[in-house]
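Load the model in your viewer and keep the selection panel open. The stops below go from one selection to the next.

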Amino acid sequence: MKKSLALIAAVAALALPMSAQAHRAWLAPTATVLSGADAWVGFDAGMSNGVFIPDHAAMNLAGLVITAPDGSTAQAENMMRSRYRSTFDLHLTQPGTWKVANVSSGVTATYKLDGEEKRWRGQVAEFPGAIPAGATDVVATRTSNRIETFVTLGAPTDSVFTNPADGLALIPITHPNDLAAGEAATFKLSIDGAAASDVEVTIARGGTRYRDNPDEMTVTTGADGAFTVAWPEPGMYWLNATVRTPAEGATIAASAQYVAVMEVLP
Amino acid sequence: MRKLTLAATALAGSVAGPALAADINVSVEIPRLSVAAYHRPYVAVWIERPDSTAVRTLAVWYEVSNVAEGKDWLKDMRTWWRRGGRSMTLPADGVSSATKAPGRHTVSIPGARLSSLPAGDYVMVVEAARELGGRETVRVPFRWGAANTARASGSSELGAVSVAVTR
């Protein structure tokens, strides 16, 4: 029993961009503030304990969606999956702010059939139909993961910021490509389109290999979903929030996760 | 000439207020650096209010001749880029020009170009960013609306910076 649970956790960690006990997932740009007629930005995506340190697993980028300032969808170029990180390039061909997001959602379920423990993962629409008749001990969770970052050519724009109906999302008050050390920035979190209040947000700065203190910060969203971060110093930052909702009546449990990577300049 | 200038000032004073005929001269010293791979710095000169909001960019020295890539490094003048550069279209007449060699350079802005600037306290900001080098910002508080001079000095990428408001 114990062994099978551990196995499930391991399988889940491999299959999903993020899962409950997984390493930290990060999608990190090589630059966030750019000038010129056009520009190229590279991205590294991985999962590891130390943010931006590729030493555990490459991220599955099946859910990669890149949104250009004009709302169109752009394609990643030079995609490669190496041992510990996935990498790709993005050609910024129009001025403004671009959103690069790896989004996944679905249902994970465990159940027993004929005394055997089974596991199922699929789309929301397929559940519960995909669970065989006669299954018992069905435990299902609706998952929603959004791992994103933003890059800007020229002046920042707001067109890519949306309030999606599904899962956790960030609604910037301060533009994520307009961050400077010594200043404070405010963002709002939404869950399923509504303000995500009283949610803990973890903020970790990259470069932990070169210092002894992890220097992590935790802030909590207010009633309107807003939280404020005072950036102590320049660097690439990882922001993470998780909201777990237990099953209630006919509604299955839900687990929503959000990750953003933001660069703070001197 | 002087009489004409005064007359213009009086006329402007009755309409918009202050200091129409005053000119601003900004002297910027680019230090000579003994480094193996010297590249002339990108330099931006702009006026800010005391609360650090930008009023206007007066000069941007960058690799104008490199049409394909010259603007790629404008962002390295980080402070200027954030406070106003990123919203500008370059090249801009009377603002952008080629990078300058080490030495003293003067940016002269005729009062007519600043006729919409209300009298008051401002800061002249000069920022330099150099390829394979550092970045430095020098801030010189000055007053617009009366003749005055002010100066400050950089310590790495910029030398003496002085501002003279004449009328």
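How much area is buried between chain B and chain A, and what share of it do carbon and sulfur atoms give? This is a predicted model, and in it the area buried between the two chains is about 1000 Å². Carbon and sulfur atoms give 47% of that area.

Select R78(B), R82(B) and R86(B) next. These residues of chain B lose the most area to chain A, and together they make up 54% of what that side buries. Widen the selection to everything in contact: 11 residues of chain B meet 15 residues of chain A.

Now show side chains across the interface of chain B and chain A, where there are three salt bridges. One of them links R82(B) to D178(A), with the closest N and O atoms 2.6 Å apart. Helix α2 of chain B, residues 78-83, gives the most to the side of chain B that touches chain A, namely three residues. Colour that side by residue class: seven residues are charged, three nonpolar and one polar. Between chain B and chain A, nine residue pairs are in polar contact.

Move to the sheet of chain B. Four strands form an open sheet in the order β5-β1-β9-β8, with antiparallel pairing. β5 (103-109) and β8 (148-153) of chain B each have a single partner strand, so one side of each is left without a neighbour in the sheet. From one strand to the next, the twist averages 15°.

Finally, select β8(B) together with β9 of chain B, residues 160-166. Six bridges join these antiparallel strands. Within the pair, A152(B) stands opposite V161(B) in β9(B).

Methods:
Residues are numbered from 1 along each chain as its sequence is written. Chains are lettered from A and ligands numbered from 1 in the order in which they are written. This is a predicted model: local features need pLDDT of at least 70, side-chain atom pairs count only at pLDDT 80 or more; totals for chains, interfaces and linings use all residues. Side-chain values use heavy atoms; hydrogens and water are left out. Contact means heavy atoms within 4.5 Å. Buried area is the accessible area (1.4 Å probe) that two parts lose on being put together, summed over both. A salt bridge is a side-chain nitrogen of Lys or Arg within 4 Å of a carboxyl oxygen of Asp or Glu. A polar contact is a pair of N or O atoms within 3.5 Å; within protein, one must be able to donate a hydrogen and the other to accept it, and residues adjacent in sequence count only if both atoms are side-chain atoms. Helices (H or I, at least four residues) and strands (E, at least two) are DSSP runs, numbered from the N terminus. Ala, Val, Leu, Ile, Met, Phe, Trp, Tyr, Cys and Pro count as nonpolar, Asp, Glu, Lys and Arg as charged, and the others, Gly among them, as polar. Two strands pair if DSSP finds at least two bridges between them. Axes are lines fitted to C-alpha atoms, for helices over the stretch in contact, and angles run from 0 to 180 degrees between N-to-C directions.
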